[in-house]
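Biologist: Please take one part of this model and go through it closely, then set it beside a few other parts described in the same terms. I am a first-year student, so please explain each term once.

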Amino acid sequence: MNNTVWFNSPAKYWTDAIPMGNGFLGGMFFCSDKTDRIALNHDTLWTGCPRYVEKDGAYEAYKKAQSFALKNDFISAQKELIENFLACWTQAYLPLGDLYIEHPFSLLSAKNYKRTLHLENAVLDCEYEKSGVKITKEAFVSNPSDVLVYKISSSKGIDFSVNFKSKLRSTVTYENDTITLDGICASDSGSKLSKYPCAELTYSEKPEEQGVSFRTVIKVISNGTVASSSDKIKVKGSTQTTVFLCTKTNFKDGLTPASKSGIDYKSSCVNAVNSAVQKGFEALKEEHIADYSKYYSRTAFTLNKNNQNSSLPTNERLIAFKADKTDLGLYELFWNFAKYLTISSSRENSRATNLQGIWSENLRAPWNSNYTININTEMNYWPTLCFDMPELMFPLFDLIKLISFTGERTAKEYYNAGGFVAHHNTDIWGFTAPTHGDAQWGYWQGGSGWLCHSLFEYYEYTGDREFLSDFALPILKKACEFYSDILTDIGDGKLSVCPATSPENTFKCNEKATSVAKSSTIMDTIVLDCFENYLKGCEAVGISDDFTEKLKEQIKNIKPFKIGSKGQLLEWDDEYKECDKHHRHVSHLIGLHPFSIINKNDTPELFDACKKTLEIRGDAGTGWSLAWKINFHARLRNAQKAYDLLNLQLSPVKSRRKSGFNYGDGGGTYPNLFDAHPPFQIDGNFGAASGINEMLVQSDGESIYLLPALPSEWKEGSVKGFRVKGNAKIDFSWKNGRITDYKLHSENEKLKVII
């Protein structure tokens with residue numbers, strides 16, 4: 001039952017619904033017995049078009065701020081950056097629309113209701129009885145055929161109707177058995193305005209500024225009679241009806257205006273639906289399961305025994321877990337759900353998963369549902385390599401490649417530097433400028449370097465030298481060129497990025513809050529990691545030149561980490577008074593995780609300082625913050641604390657509709673297992689799964705550590721197929737907390753397994 005998410009009532013709210021997707025097309029299935037709803041998204045439906053964000057005087061403002069920071073006048077440095085350096089917001093991810101199926105007997109209550117998501121094959125089914133009629137629904141979203149398929153069967157002939165609504169500018173036609181929606185995304189999300197959330201969406205008539213155009217085709221095939229009216233398709237006397245839905249767009253890439261892409265998306269959409277109809281439901285289902293299962297079946301995580309609540313509906317199981325943690329199967333279910341979300345939201349040639357994966361309900365989504373690259377986008381891909389799904393990293397790599405182009409001009413015009421840079425937000429168009437609002441998030445140049453860490457990590461896990469030499473190293477070099485150019489002597493010959501921030505955190509300077517310091521630990525760590533990974537990669541492929549020698553010299557002088565008066569790792573260049581000592585971001589520990597610059601063997605004092613930092617910071621935080629802390633404690637071999645925080649992540653949070661969003665601290669899990677940031681963000685799902693991986697196995701390319709942070713409650717279990725650094729996979733089992741057997745699948749004879 002730990003591969004099954006199920007409920008005994010229809011979804012009332014969006015965070016009760018079941019998510020499904022094929023990487024491109026995402027749907028939230030409510031499975032109502034009355035007016036059923038499938039809320040839909042497509043990964044390329046964003047506002048905007050390719051553009052460069054200019055900011056007159058930005059470089060001069062940067063140099064002024066640097067001068068202020070070097071004199072410890074951080075308030076003036078921050079003021080200069082806010083007023084004269086920051087630019088605007090990114091573009092926004094948009095919802096496609098809603099498919100509605102109005103069922104019969106709407107005033108009657110359903111009996112024996114059950115809706116189920118089968119994680120092992122990504123198929124949904126729902127069944128219930130009404131007025132003596134048994135109704136069954138079955139659905140999946142096929143990647144090979146790029147269609148959503150929804151079948152409704154009944155024991156007697158029933159009548160119902162089908163219609164589609166979109167909040168985007170569009171026209172919809174109903175003809176015979178087909179619904180056709182043609183629409184266009186807004187040209188701008190209001191990103192040039194100063195307030196957030198932004199103003200109304202705007203549309204341009206200029207072809208080069210027009211947004212992404214799209215077509216959705218829905219075909220209703222039934223053994224009953226099917227007829228259309230002006231606003232719906234009516235089905236009568238049906239015992240079996242299948243709905244086929246496809247969406248195609250004219251988006252080509254982040255550098256090409258959609259209106260100039262030349263993509264015949266309209267015909268492509270019609271052809272895809274017609275092809276799916278010809279294949280039929282069963283053939284499509286078989287094709288879908290074979291495609292999906294090849295990823296899902298690669299790995300497994302099992303905790304033996306104590307699954308007594310597996311027969312409960314998932315929402316009730318979460319509630320029961322709050323009082324009784326003996327339901328070990330819930331950890332398995334949550335981990336399996338993260339695998340499912342990975343496959344459903346990030347596939348070859350899709351866009352990278354954004355803040356909400358591919359599932360976003362609101363026309364004005366929280367934080368534009370963009371790519372927040374000061375942790376959240378990276379966290380979305382933390383478990384992917386250990387899940388042994390390296391192919392599914394490439395949507396992220398495509399995004400990195402895009403910003404390695406768009407970020408060149410930003411590096412030159414904002415910093416007068418070579419290479420490329422990205423700040424804390426980006427979007428489908430490769431936005432790289434510093435975002436508007438406040439320096440605590442907008443002025444931060446670490447996005448490009450942090451993202452590049454995943455490029456080298458892919459090589460560490462796969463050993464793919466062609467990827468390293470042809471794809472990763474050219475991008476890594478450009479990131480290094482930027483940081484090499486902006487490193488500044490901040491005193492005593494020590495180099496750092498100046499001025500610097502630590503994402504979204506602040507401290508007191510002359511009793512005033514500021515986020516700008518002379519340097520920050522996270523930026524020093526990102527630069528060091530970027531340089532070291534590039535040099536390791538160059539050594540692996542035999543590159544040695546003046547630039548590698550320059551980096552080696554700069555590494556020697558990068559400002560070293562500092563430990564404070566309480567034994568904690570300092571976040572900035574000095575020990576300043578923090579405005580919020582329990583702040584959700586713990587960015588200065590990036591060297592502990594996801595990097596491994598700080599570790600027990602090589603840097604024991606810093607390792608202990610990270611422990612103290614987390615002790616001071618506390619456990620509370622948003623969903624992704626809790627998830628990151630699980631990973632931190634796993635790296636620190638603090639099994640019990642990692643376990644406790646994982647339990648906090650699994651705290652039940654009620655679904656409800658609000659007039660606005662709660663952006664405050666919270667954390668927990670919604671009834672459908674989505675992470676409750678709040679509001680919903682998908683990074684907490686992936687981050688917590690990564691934490692479980694780290695509790696079970698850690699690797700550095702030379703050694704593989706089994707059960708490094710196993711809590712005492714997980715007495716017995718097994719792991720299958722985990723990918724580890726060194727291009728290897730491992731299976732192992734344990735009992736009473738001790739390894740009973742393991743098998744390493746590798747041709748790397750230098751790898752050591754440490755029990």
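Strand β3 and its neighbours

Modeller: Leu 25 has His 42, in strand β4, as its bridge partner. This is a predicted model, in which local features need pLDDT of at least 70 and side-chain atom pairs count only at pLDDT 80 or more, while totals for chains, interfaces and linings use all residues. Residues are numbered from 1 along each chain as its sequence is written, and side-chain values use heavy atoms, with hydrogens and water left out.

Leu 25 belongs to β3, the strand of residues 25-29 (strands are DSSP runs of E, at least two residues; helices are runs of H or I, at least four; both are numbered from the N terminus). Five of the five residues of β3 are buried (under 20% relative accessible area with a 1.4 Å probe, protein chains only; exposed is over 50%, and partly exposed lies in between). In a regular strand the side chains alternate between the two faces of the sheet. On one side of β3 are Leu 25, Gly 27 and Phe 29, and on the other are Gly 26 and Met 28. Both of these faces are covered.

Next come the partners of β3. Two strands pair if DSSP finds at least two bridges between them. Strand β2, residues 18-21, is joined to β3 by four bridges, and the two run antiparallel. Within that pair, Met 28 of β3 has Pro 19 opposite it. The two strands make a hairpin with three residues between them, and Gly 23 in the turn has a positive phi of about 95°. Strand β4, residues 35-46, is joined to β3 by five bridges, again antiparallel. Here the hairpin has five residues between the strands, and Cys 31 takes a positive phi near 55°. So, β3 is bridged to β2 as well as to β4, and its residues on both faces are buried.

Strand β11, residues 178-184, can be described in the same way. Six of its seven residues are buried, so β11 is largely enclosed by the rest of the structure. Seven bridges link β11 to strand β10, residues 169-175, and the pair runs antiparallel. Asp 182 in β11 has Thr 171 opposite it. Two residues lie between β10 and β11 in their hairpin, where Asn 176 takes a positive phi near 55°. β11 also pairs with strand β12, residues 213-222, in the antiparallel sense over seven bridges. Gly 183 has Phe 214 in β12 as its bridge partner.

A further group of strands has the order β15-β25-β26-β27, an open sheet of four strands with antiparallel pairing. β15 (300-303) and β27 (738-745) each have a single partner strand and stand at the edges, so one side of each is left without a neighbour in the sheet. The pairing of β15 with β25 is antiparallel and runs over four bridges. In that pair, Val 719 in β25 stands opposite Phe 301.

Burial can be looked at in a helix too. Helix α15 is mostly covered, with 13 of its 13 residues buried. Just after α15, Arg 637 takes a positive phi of about 65°.
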